[in-house]
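This report goes through one protein chain, from its overall make-up to a few single residues. Please keep the sequence and the structure in view while reading.

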Amino acid sequence: MTDSMGTFRIDIELENPAHRGPRRHVPGLLVDTGSELSWVPGPILESLLIERVKTKRFRQASGAVVERWTGEVRVHAAGTVTPDEVVFGEPDDLAILGSRTLEGLNLMVDPVGKCLVDSGPAPAAARRCISGYAVTTSAFSG
């Protein structure tokens with residue numbers, strides 16, 4: 001499903017990490033790399049018995065600040081899955097697939113094809129320069 005101005009939408013499935021098995025299909029989420037978290041209609045999350053864990057404040061594109069509950073789910077999309085924190089959307093909120101979900105799924109946006117594609121191998125070490133010397137850091141180094 002595509003929209004104008006280079007945006008597109010994707011269908012996903014959600015699963016309760018505490019009660020794995022049953023999934024809920026969520027159609028037409030707007031892929032929005034400008035949104036950190038994904039926003040899902042609250043009734044869908046409630047139907048999966050997703051617990052409201054905490055409230056967060058968000059600044060919308062209009063500049064308005066809103067407060068919403070978030071909860072933890074497993075997101076299934078494009079043949080992969082990730083645990084994630086998502087927003088309990090209210091009736092006037094957009095349903096959005098955000099950047100943190102995309103990163104967890106190891107997917108990136110193909111703006112020409114208007115689809116999601118595999119991001120390839122995730123980096124295990126980062127290289128940075130300190131005073132002209134290259135230093136490799138790793139999660140595995142002591």
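Is Trp 39 buried or exposed? Trp 39 is buried, because its relative accessible area is 8%, and the cut-off for buried is under 20%. The model is a predicted one, and Trp 39 comes up again below in an aromatic pair and in a pocket.

## Overall make-up

The protein chain holds 11 strands and 2 helices. Read from the N terminus, the order of the elements is β-β-β-α-β-β-β-β-α-β-β-β-β.

The chain has 142 residues, and 34% of them count as buried. About 8900 Å² of the protein chain is exposed, with 54% of that area supplied by carbon and sulfur atoms. If contacts between residues at least 6 apart in sequence are taken, 46% of them join residues at least 24 apart.

## The β4-β5 hairpin

Strand β4 covers residues 54-59 and strand β5 covers residues 65-77. The two strands pair in the antiparallel sense, over 6 bridges. Across this pairing, Lys 56 is placed opposite Arg 68 of β5.

Together β4 and β5 make a hairpin, with 5 residues between the two strands. Gly 63 sits in the turn and has a positive phi of about 100°.

## The aromatic pair

How many aromatic pairs does a search of the whole structure find? The search finds 1. The partners are Trp 39 and Phe 58, with 5.0 Å from centre to centre and 65° between the planes, an edge-to-face arrangement. The pair links distant parts of the chain, with Trp 39 in strand β3 (residues 38-41) and Phe 58 in strand β4, 19 residues apart.

Phe 58 has a relative accessible area of 15% and is therefore buried. Trp 39, at 8%, is buried too.

## The largest pocket

The largest pocket contains about 430 Å³ of space. It is lined by 16 residues, and those closest to its centre are Trp 39, Arg 59, Gln 60, Ala 61 and Ile 96. Strand β4 gives the most to this lining, with 3 residues.

## Two positive phi values outside glycine

Most residues other than glycine have a negative phi. Leu 49 has a positive phi, near 60°. This residue lies in the loop that runs between α1 (42-47) and β4. Is Leu 49 buried or exposed? Leu 49 counts as exposed because its relative accessibility is 61%, and the cut-off for exposed is over 50%.

Lys 114 is another residue other than glycine with a positive phi, in this case near 50°. The loop between β8 (107-110) and β9 (115-118) holds Lys 114. With a relative accessible area of 28%, Lys 114 is partly exposed.

## Leu 30 and Ala 95

Which strand holds Leu 30? Leu 30 belongs to strand β2, residues 23-31. The relative accessible area of Leu 30 is 13%, so this residue is buried.

Leu 30 and Ala 95 are 65 residues apart in sequence. In space, the C-alpha to C-alpha distance between Leu 30 and Ala 95 is 6.2 Å.

Note on methods: Residues are numbered from 1 along each chain as its sequence is written. This is a predicted model: local features need pLDDT of at least 70, side-chain atom pairs count only at pLDDT 80 or more; totals for chains, interfaces and linings use all residues. Side-chain values use heavy atoms; hydrogens and water are left out. Helices (H or I, at least four residues) and strands (E, at least two) are DSSP runs, numbered from the N terminus. Buried means under 20% relative accessible area, exposed over 50%, partly exposed in between (1.4 Å probe, protein chains only). Contact means heavy atoms within 4.5 Å. Accessible areas come from the Shrake-Rupley method with a 1.4 Å probe; for residues, only the protein chains shown count as cover. Two strands pair if DSSP finds at least two bridges between them. Rings of Phe, Tyr and Trp (its six-membered ring) pair if their centres lie within 6.5 Å; planes under 30 degrees apart count as stacked, over 60 as edge-to-face and the rest as tilted. On a 1 Å grid over the protein atoms alone, a cavity is a set of points where a 1.4 Å probe fits but cannot get out, and a pocket is an open set with protein on both sides within 12 Å along at least five of seven lines; lining residues have an atom within 4 Å of a point. Grid points are joined across faces, edges and corners, and a volume is the space filled by probe spheres set on the points.
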